[in-house]
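Welcome! Let's take a friendly walk through a protein model, one neighbourhood at a time. Have the picture at hand as you read.

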Amino acid sequence: MAETTPQLAESTPTGLILGAHLSIAGGYHRAVERAARLGCDCLQLFTQNNLRWENRRVRRAEVHAFAQALAQHKLIDPLVHASYLINLASPNRALWHRSVRALTAELRRAAALGIPWVVVHPGSATDGDLTAGLWRVISAIDQAFERLPTAATVGCLLETTAGQGRAIGARVDDLAMILAKSQWNSRLGVCLDTCHLFAAGYPLSPPKAYEKTLAAIENTVGLRRVKAIHLNDSQAPLGSHIDRHAHIGQGHIGMEGFRAVVNDPRFRGIPMYIETPKEVVNGKDMDVVNLALVRSLVANH
């Protein structure tokens, strides 16, 4: 079935780089076309089926088509999200080695496509040993970069997590340790996820609480390390450690929290991507609805 062109909201306000995670069904360039139809400025994508271990190879024709689509539709800041199967903190040696190989492959595919960053969840220390899990993440990242060709300049963004189960990254201190101890520190950055931050116990409103959260980030990883932001509301309350994304303004974060993020001058020029549920409600594509809501929050727009 042919994809229809949705009715778009007004254009993106100056200073806001806004996009969404899009499907690569039909080819990487198709994700760009879908993003353009939604009126995105940027896009995030998987480089292969995110629930399979296959090591997909990127063909030259795909690289050309992807670059051509980005140029044609004037989209910027493409971002790769690594497979959800990867667990860099796993105490299971077989799974850990498989995860290192998978991350290396993700970095290779991103480099081939000319995409500068790959976002990855640090993983889960399923044995309950957080410190050992952190060192496994550091070792995994270092090995992945060591296996890359010298010419590859791609970097890796560590995503904040909700802390569900024994996931690493719910505390920004965890990410700070990984950044500080990795031999490839200069290739690393951070991706903030609003749902994950909130579920991990970092409030985004009211203003004083928001500033406290930003201070915690600045004093650990440093705001200069933030290279991307995922904009998702949370189905679960503050500090719940439950990772359940909700549509913008329909969760526990609420519009005030998102207004603070998109108007924060410290995040000006940082691309933001919605990862809200893919669905149509009352005949409306919710990606279009969520993008329009975010844009409407920008001051003086």
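## Helix 7 and its neighbours

The buried residues of helix 7 (residues 207-218) pack against helix 5, strand 6, helix 6 (194-199), strand 7 and helix 8 (254-262). Keep in mind that this is a predicted model. Which residues of helix 7 are buried? They are Ala 209, Tyr 210, Thr 213, Leu 214 and Ile 217. Looking down the axis of helix 7, you would find these buried residues within an arc of 140 degrees, so they line one face of the helix.

Now turn to the face pointing away from that buried side: there you meet the exposed residues Lys 208 and Lys 212. You can also check the helix with a ruler. With 12 residues at 1.5 Å a residue, helix 7 should span 16 Å, and its end C-alpha atoms are indeed 16 Å apart.

## Strand 7 and its partners

Strand 7 covers residues 226-231, and five of its six residues are buried. Strand 6 (residues 188-193) runs parallel to strand 7, and four bridges join the two. In this pairing, Leu 192 stands opposite Ile 229 of strand 7.

Strand 7 is also joined to strand 10 (residues 272-274), by three bridges, and these two strands run parallel as well. Here His 230 stands opposite Tyr 273 in strand 10.

## Two aromatic pairs

How many aromatic pairs does the structure hold? There are two. In one of them, Phe 46 and Tyr 84 meet edge-to-face, with 5.6 Å from centre to centre and 80 degrees between the planes. Phe 46 belongs to the loop between strand 2 (42-45) and helix 2 (60-73), and Tyr 84 to the loop between strand 3 (79-81) and helix 3 (93-113), so the pair ties together parts that are 38 residues apart in sequence. Phe 46 is buried, at 14% relative accessible area, whereas Tyr 84 is partly exposed, at 45%.

The rings of Phe 145 and Trp 184 are stacked, because their planes are at 20 degrees, with the centres 5.5 Å apart. This pair links distant parts of the chain: Phe 145 sits in helix 4 (residues 130-146) and Trp 184 in the loop between helix 5 (172-181) and strand 6, 39 residues apart. Phe 145 is buried, with a relative accessible area of 3%, while Trp 184 counts as partly exposed at 24%.

## A charge over a ring

One more spot to find: Arg 93 lies over the face of Trp 96, at 4.5 Å from the ring centre.

Terms used
Residues are numbered from 1 along each chain as its sequence is written. This is a predicted model: local features need pLDDT of at least 70, side-chain atom pairs count only at pLDDT 80 or more; totals for chains, interfaces and linings use all residues. Side-chain values use heavy atoms; hydrogens and water are left out. Buried means under 20% relative accessible area, exposed over 50%, partly exposed in between (1.4 Å probe, protein chains only). Two strands pair if DSSP finds at least two bridges between them. Rings of Phe, Tyr and Trp (its six-membered ring) pair if their centres lie within 6.5 Å; planes under 30 degrees apart count as stacked, over 60 as edge-to-face and the rest as tilted. A charge sits over a ring if NZ of Lys or CZ of Arg is within 6 Å of the ring centre and within 35 degrees of the ring normal. The expected span of a helix is 1.5 Å times one less than its number of residues. The arc is that of the directions from the helix axis to the C-beta atoms. Contact means heavy atoms within 4.5 Å.
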